[in-house]
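Okay, thanks everyone for squeezing in. I'll put the structure up on the screen and then walk you through a few places in it.

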Amino acid sequence: MLRWTLCLAAAVCMLAPVAASADTGNPGLKSIQALAFGPDGLLIIGDGAGAQIVSVETGDKTATQWTKSQPGDIKEQLAGRLGTNANGINILKLAVNPASQTAYFAVRKLDGKQDLILTVNGQGKVNEFSLENVNYTRYTLPAGKTLLTDIAWADGQILVAAQAGETFKSTIFTINPKQPKSVAVVNTDTYHVAHGKWETNAPLRTVMPYFDQGKKYLVGAFTCTPIVKYPIDDLKADSRVKGTSVIELGNGNTPLDMFTYEKDGKTYILMNTIRMFHKKSPVGPSQYWTAKVDYTILQETEKINEDALRRVGKDVNKPLTERAVVAADYHGVVHLDRLDKSRALVVRSDDKGGFTLEVLPLP
Amino acid sequence: MNTLLLVASFLVLQPADELRFRKLEKGQVEVTAVLPKDLAAKFPVGLVSVNAGEALLRLCLLDPKSKKPGPPMLGRYERRGNELVFRPRVALEAGRHYRAYFGPTDAASNVADYRPIRPTPGEPVRVVKVYPTAEVLPANVLKFYIYFSGPMLGGQDIFEQIQLLDDKGNVLESTWLLDEIWDETGQVLIIYIHPGRIKWGLVLREIFGPVLYEHRQYSLVIRGEMLALGGDKIGKDYIKKFSTTPEDRVRVELSDWKLQAPKPGGRAPLVAQLPKSIDHKSLERFLSVIDAKGQKVAGASVVGKDEKSWSFAPNDAWQNAEYRLTVNGRMEDVAGNTPTRPFDLDLTSKQPPPQSLELQFHP
């Protein structure tokens with residue numbers, strides 16, 4: 001039986017000061033590739049085409065009430081506000097503002113390749129979050145134009161993952177907004193180690209923070225769904241930092257979004273994925289499926305890397321562990337974020353071209 | 001402004017010619033509605049809130065079949081003179097049918113229609129080039145660049161519309177990494193063969209095998225169903241045929257590059273002959289010529305046939321002095337190998353020592 005698992009090493013190739021500037025007006029984004037929220041409605045936007053991260057004070061702190069799933073097709077509703085139909089837009093990202101529970105969508109209007117942020121409240125009202133006149137801080141990425149996959153707020157730090165573009169590199173940026181004049185951005189190349197024998201580059205798809213015994217980690221998921229943690233504070237210029245692979249959720253899946261939540265006294269990671277081999281070997285009725293993972297697996301110190309736990313073997317529907325299970329109620333979920341302590345807000349595909357916005361109890 | 005008061009006082013419908021579309025520069029359009037005198041007196045001059053504006057004036061996309069209006073478009077409302085003016089947030093799309101409604105939402109409204117005219121069809125968008133251009137590629141070729149003559153619409157359908165076929169014309173399945181990577185113009189697409197089927201040791205490759213095998217004939221087919229920005233199909237299939245060599249799993253050896261030094265006093269190009277095809281974007285981005293003073297030499301570079309040569313002509317004549325051709329370690333060949341490491345690094349085999357990333361020449 002194959003036991004290819006992954007451990008990771010990060011070679012820090014740059015620790016460079018970047019310009020951070022606070023201003024009022026329009027931050028002048030060239031793209032909106034990633035969205036995340038910090039405290040008090042602080043919206044963090046990844047603009048890879050503009051080689052910048054921008055944090056915006058939304059001032060959005062008034063709670064909206066979500067009581068049920070929204071009627072109609074969310075993609076049609078977003079598109080209609082932009083004078084087009086569902087085929088005329090792509091929903092790039094969903095982030096729920098924890099200060100208000102308002103949903104923020106990064107939407108690309110395909111005619112013109114124009115990226116905008118649209119909001120949806122609990123009553124289903126769609127508006128634009130205008131960037132015309134906002135208080136913002138800009139962090140310039142020293143690597144130049146790049147493609148960003150995800151952003152996370154980590155207790156005062158901004159974590160940014162970049163994907164492959166013209167080169168198959170793997171880049172992670174960390175930004176500390178509390179030191180705006182000497183913000184350190186760490187650019188890392190990441191290598192997979194398969195069975196301790198081979199190393200290859202692998203871009204991170206989605207990231208979140210993890211805290212354990214006073215230490216801060218970046219937790220990331222790669223294509224083919226290994227979950228890996230990096231000690232952020234250990235990243236030093238001109239050094240190599242080992243990451244730790246704690247579980248693989250199965251091959252042929254690409255992670256999309258993830259977050260943590262508590263239920264019945266336990267903490268879990270919820271992560272949705274898109275499956276490459278859905279037709280040949282489906283995990284569920286949709287190519288989009290979601291995993292519920294025991295959060296304590298991040299504390300694992302023995303069964304790691306090549307010995308890390310695997311959700312399944314070659315048979316994707318024969319579980320090898322109960323610590324990572326398929327969340328059946330989340331089949332078809334394309335985008336997800338935590339709405340509150342007990343619910344998630346999701347965009348679900350009907351696999352026929354339709355998309356609904358739904359409030360789901362956390363599994 | 002009290003919206004309800006405004007709506008309640010809108011007792012008399014306006015003549016249809018009081019509601020119209022006004023064309024602006026650069027193809028933009030705004031909708032203007034003449035306010036009744038009693039309303040005009042109460043409406044503040046300047047920007048009007050979206051809620052107040054939408055209560056009176058709405059611009060909607062009509063469904064082409066049912067003729068039902070979609071939700072009001074997002075945009076900016078302004079009282080200008082005796083007019084209420086709406087400027088949509090995004091450009092109206094050619095070929096669609098828009099309708100402006102002037103009046104309360106719960107009563108009959110005046111309407112005015114607008115159908116942005118499609119520009120006279122010119123030359124249809126077509127595929128102009130595919131990189132790598134060589135007709136012989138390693139079986140682990142990592143990605144293709146597809147250049148179109150005009151901006152494309154994009155969307156996840158492209159991963160079905162771009163296909164790899166074997167020598168019998170069978171479409172290979174599950175070939176692509178489902179990342180849609182367009183340049184800012186929407187005219188260049190980077191599409192990756194799924195790295196999980198290229199990397200050594202990953203379960204994906206072990207189960208499903210590589211996408212391409214050595215010593216075989218393949219076709220990259222870009223189907224005519226692909227949609228250009230305006231929604232028109234590109235019409236004709238584009239076919240790039242290529243054969244495969246064994247996989248290339250070694251780093252780019254710069255000592256194998258042959259430099260043809262130019263003569264001093266002239267501006268004839270420096271020519272580098274490369275034993276294997278290098279990613280054309282890498283050649284454009286990651287090579288520099290440095291003079292004896294350490295200054296980057298200004299000039300123009302050209303990527304040669306099959307991306308197996310690179311030439312550089314300086315703006316000023318070559319000096320009779322030492323020059324260096326410097327190579328960024330991120331430069332990739334068509335299989336993702338760089339000068340610093342192969343795409344997959346076999347940790348159990350002896351690796352060559354690091355190589356210099358500079359080649360010296362003396363005109």
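So let's start with one pair: Asn90(A) sits opposite Arg108(A), which is in strand 7 of chain A. Before I go on, please keep in mind that this is a predicted model. The two strands here are strand 6 and strand 7 of chain A, running antiparallel and joined by seven bridges. Together they make a hairpin, with six residues between the strands.

Now look at the turn. Gln101(A) is in the loop between strand 6 (89-96) and strand 7 (103-109) of chain A. Its phi is positive, about 65 degrees, and it isn't a glycine. I'm pointing that out because most residues other than glycine have a negative phi. Is Gln101(A) buried or exposed? Gln101(A) has 21 other C-beta atoms within 10 Å, and the cut-off for buried is 20 or more, so it counts as buried.

Compare that with another loop in chain A. Asp264(A) lies between strand 20 (253-263) and strand 21 (266-275). Asp264(A) has a positive phi too, near 50 degrees, and again we're not talking about a glycine. But here there are just 5 other C-beta atoms within 10 Å, and the cut-off for exposed is 12 or fewer, so Asp264(A) is exposed.

Stay in chain A and find Phe105(A). Which residues does Phe105(A) touch, if you skip those up to four places away in sequence? They are Leu78(A), Ile91(A), Leu94(A), Ile117(A), Leu118(A) and Val120(A). Phe105(A) is also among the residues with the most contacts inside the largest nonpolar core, which has 161 residues. Others on that list include Leu35(A), Ile44(A), Ile151(A) and Leu270(A). There's a second, separate core of 12 residues, and Phe286(B), Val303(B), Trp310(B) and Val327(B) are part of it.

Zooming out on chain A for a second: the secondary structure is one helix and 27 strands. Of the 363 residues in the chain, 55% are buried. And if you take contacts with a separation of 6 or more, 57% of them are between residues 24 or more positions apart.

That helix is worth a click. Ala79(A) lies in helix 1 of chain A, and with 26 other C-beta atoms within 10 Å, Ala79(A) is buried. Leaving out neighbours within four places in sequence, Ala79(A) is in contact with Thr84(A), Asn85(A), Ala86(A), Gly88(A) and Ile89(A). If you want a distance to check on your own screen, go from Ala79(A) to Tyr104(A): they're 25 residues apart along the chain, and their C-alpha atoms are separated by 14 Å.

Okay, on to where the two chains meet. On the chain A side, 43 residues are in contact with 46 residues of chain B. Elements giving two or more residues to that side of chain A are helix 1 (74-80), strand 9 (126-128) and strand 15 (198-201). Which element gives the largest share? Strand 15 of chain A does, with three residues. By class, the chain A side has 15 nonpolar, 18 polar and 10 charged residues.

While we're at strand 15 of chain A, have a look at Asn201(A), which is found in it. Asn201(A) counts as buried, with 22 C-beta neighbours inside 10 Å. From Asn201(A) to Ala164(A) you go 37 residues in sequence but 9.6 Å in space, C-alpha to C-alpha.

Last stop, chain B. The domain assignment gives three pieces: domain 1 (3-114), domain 2 (127-245) and domain 3 (254-361). The centres of domain 1 and domain 3 of chain B are 60 Å apart, taken over C-alpha atoms.

Chain B also has an open sheet of four strands, in the order 9-11-14-13, with antiparallel pairing. Strand 9 and strand 13 (181-182) are the edges, each pairing on one side only. Strand 13 is joined to strand 14 (residues 188-192) of chain B by two bridges, and Ile181(B) stands opposite Ile190(B) in strand 14.

One more thing on the way out of strand 9: the peptide bond between Tyr131(B) and Pro132(B) is cis, with omega about -5 degrees. Pro132(B) is in the loop between strand 9 (127-131) and strand 10 (136-138) of chain B. Worth flagging, as most peptide bonds are trans. That's me done, thanks.

Terms used. Residues are numbered from 1 along each chain as its sequence is written. Chains are lettered from A and ligands numbered from 1 in the order in which they are written. This is a predicted model: local features need pLDDT of at least 70, side-chain atom pairs count only at pLDDT 80 or more; totals for chains, interfaces and linings use all residues. Domain bounds come from an automatic or database domain assignment. A nonpolar core is a set of buried Ala, Val, Leu, Ile, Met, Phe, Trp, Tyr and Cys residues joined through C-beta atoms within 7 Å. Two residues are in contact if their C-beta atoms, placed from the backbone, lie within 7 Å. Two strands pair if DSSP finds at least two bridges between them. Ala, Val, Leu, Ile, Met, Phe, Trp, Tyr, Cys and Pro count as nonpolar, Asp, Glu, Lys and Arg as charged, and the others, Gly among them, as polar.
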